[in-house]
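Trainee: I am new to this structure and would like a close look at a single part of it. Could you take me through the surroundings of the ligand, and then show me how the rest of the protein is laid out?

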Amino acid sequence: MQFQNTLAFAQQLDANDPLKEFREQFIIPEKDGKKQIYFLGNSLGLQPKRTNDYLQRIMKDWAALGVESFFHAKEPWMDYHDALTPTLSQIVGCKPHELSVMNNLSVNLHLMLVSFYRPQGKRFKILCEAKAFPSDQYMMETHVKHHGYNPEEAIIEIKPREGEHTIRTEDILQIIVQHKEELALVLFGGINYYSGQVFDMKTITHMAQAAGAKAGFDLAHAAGNIELQLHDWNVDFACWCSYKYLNSGPGAVAAVYIHERYHKSEMNRFAGWWGYEKATRFKMEKGFMPIQSAEGWQLGTPAMFMLASHRAALDVVKEAGWENINGKRKLLTAYLWYVLDEVNASQAAPIIEYITPRNETEHGCHVSMNMLQKGKEIYNALMAEGFFVDWREPSVIRLAPVPLYNTFEEVWKFGDALKKILK
Ligand SMILES: Cc1ncc(COP(=O)(O)O)c(C=O)c1O
């Protein structure tokens, strides 16, 4: 499509948007009665209007039936999570029984490493991206130490080449081959939280497994953002949170994917009673008998309020249609790049260096811009103008127009405001 950097053109794109009604389903933050332009769905997604009702239903069941709600509420709490799995499994591309909605992301990463990081002999190393999210770094460091290894030796971090911002797949593959006798696990973000780079999960998985290692992904910035095919890519495990692109609220319940080939195995794991076979769980007998699905990794009683807010947000996705969301995401992000190019072209010298890769298969809706001059001042001016974007030292502004509630007009306004600020 031939874009134009005009308000009228952006409004025309909004008029043709099959998801245009969905913005109304969210509460957009306001200041002095004016709706703000929220580009921080990569950090905390906005609140769906219906979430309150879903929470109230749990409150009412609790009030009316107390603990009996687990079995006798209109939607019994025992099976409540089953309503989430069809949409969630479509979003991450897996079979419903390969999913378990539980805990938070950092906890789940630990649980997955208990099962999937099983160092033996000289095969004890983990390969990951440099600048992985801090929780992931600390998680790997402490697991490695727990097994008696030195993190300096056991964790191999791969960096972008000198002068580049993102990591080349060929470099990842080369390191996998180089360390093929020593790798126990390859663990990457699906999308790096800083650069916005989408990693080639299919190829990395294939190469890791060919080297005899397991392949896992932290999908915090990928789930609900880009198309994923975890099962078909043969990924061993993955974890993500639901408060970013999945709009389920601060600290909302997270989820894991575990490939079905592990469900019936005698895999090492940390167990809790909620992972015990459902039919006999309440006999409360000795000896752990896991549910033979990803739910066998559950620990304790589900947080019903969190499940309810997650369900509310997933029901919005279901109604909008996951394909439509992806279609709009690609168009909206392409329009953002176009508008940013126009901003650069309007300056005597470019002001924005893109950190996020430009190729459509290598980014989601998050774009990281390295500001070549006066980055912090530009960021402060954008915030003062009502644009929610974020700042990462030393000079990076991140923003993510989200297809469910952001508009083409907002993207155009962003470019317009940036130009005015630069003047
Ligand atoms: C990539 C990534 N991994 C892990 C985490 C930690 O998630 P949580 O605080 O929900 O455990 C985050 C949080 O933003 C993240 O962005």
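Mentor: Gladly! Sorted by class, the shell around the ligand holds four nonpolar, three polar and three charged residues. Please keep in mind that this is a predicted model. The residues that surround the ligand are Asn104, Leu105, Ser106, Phe133, Asp136, Asp218, Ala220, His221, Tyr243 and Lys244.

Let us go through some of these residues one by one. Start with Ser106: an N or O atom in the side chain of Ser106 sits 2.6 Å from an oxygen atom of the ligand. Next, look at His221, where a polar side-chain atom is 3.0 Å from an oxygen atom of the ligand. Asp136 pairs with another element: here a nitrogen atom of the ligand is 3.3 Å from an N or O atom in the Asp136 side chain. As for how covered the ligand is, taken alone it exposes 390 Å², and the protein buries 83% of that.

Now step back to the layout of the protein. The domain assignment gives domain 1 as 7-49 + 322-422 and domain 2 as 55-319. Measuring over C-alpha atoms, the centres of domain 1 and domain 2 are separated by 29 Å.

How do the two domains meet? In domain 1, 37 residues are in contact with 27 residues of domain 2. The size of an interface is often given as the accessible area lost when the parts come together. For domain 1 and domain 2, the area buried between them is about 2,600 Å², with 56% of it on carbon and sulfur atoms.

Polar and charged pairs are found here too. Between domain 1 and domain 2 there are 12 residue pairs in polar contact, counting pairs with both residues at pLDDT 80 or more. The count of salt bridges between domain 1 and domain 2 is two. If you would like a salt bridge to find in the view, try Glu227 and Arg329, whose side chains meet at 3.8 Å, N to O.

Conventions
Residues numbered from 1 in each chain as written. Predicted model: local features only at pLDDT ≥ 70, side-chain atom pairs only at ≥ 80, totals over all residues. Heavy atoms only, no water. Near = heavy atom within 4 Å. Polar contact = N/O pair within 3.5 Å; in protein donor to acceptor, adjacent residues only side chain to side chain. Areas by Shrake-Rupley, 256 points an atom, 1.4 Å probe, with all protein chains shown as cover. Nonpolar A, V, L, I, M, F, W, Y, C, P; charged D, E, K, R; others polar. Domains from an automatic or database assignment. Contact = heavy atoms within 4.5 Å. Buried area = accessible area lost by both parts, 1.4 Å probe. Salt bridge = Lys/Arg side-chain N within 4 Å of Asp/Glu carboxyl O.
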